Amino acid sequence: MTLLMPRAVDAVVAVSAAKLQQALTALQEAQSPTQLAIDGQLVDLPPEVSDAITDLIGRFADGDGVLVGSIGAMLTTSQAADLLGISRTYVVRLIDAGKIPVEYRGTHRRIRVKDVVAYLDTSRRDRAEKLTALAHLSDRTGQYDGDRF
């Protein structure tokens, strides 16, 4: 099986988002397994696939664009940088520091989508912990006014 490159899909127009919101409500209220109609044939979806499709529809219904791809797909450093919203040079620094695992194809670095997402989750969690610690320190020293970040 060939892993395709991740695909970015822009948000849908408001009319389509409203229709998707109705479909999402129906999916969430359904008591039976989710089925997909393909050429008139109904196919029962495994629960994890149904959950993923429900999540996808929910994101579109909320007006978000989405990135669809396999977690094992390999990205170039430029593609990883675009996904993370940072420079390619900084991605290379993260790789060199051992913060993002990398595989080499000849002299070219390749990064798995799942490793990029794992780094993103870890960095968000670390940032939140540091901000919380800073707020507690400021509160203890009387320099924090209690406003949320």
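This is a short chat about some helices in a predicted model.

Reader: Before we start, what kind of model is this, and how are residues numbered?
Author: It is a predicted model, in which local features need pLDDT of at least 70, side-chain atom pairs count only at pLDDT 80 or more, and totals for chains, interfaces and linings use all residues. Residues are numbered from 1 along each chain as its sequence is written, and side-chain values use heavy atoms, with hydrogens and water left out.

Reader: Which residues of helix H3 are buried?
Author: In H3, residues 77-84, the buried ones are Thr 77, Ala 80, Ala 81 and Leu 84; buried means under 20% relative accessible area, exposed over 50% and partly exposed in between, with a 1.4 Å probe and protein chains only. Helices here are DSSP runs of H or I with at least four residues, strands are runs of E with at least two, and both are numbered from the N terminus.

Reader: Why are those on the same side of H3?
Author: They lie on the same side because they cover an arc of only 100 degrees around the axis, taken from the directions from the helix axis to the C-beta atoms.

Reader: And what covers them?
Author: The cover includes strand E5 (74-75), helix H4 (88-96), strand E7 (108-112) and helix H5 (113-140), where contact means heavy atoms within 4.5 Å.

Reader: What phi does Gly 85 take, just after H3?
Author: Gly 85 has a positive phi of about 75 degrees.

Reader: New topic: is Thr 132 buried or partly exposed?
Author: Thr 132, which sits in helix H5, counts as partly exposed because its relative accessibility is 39%.
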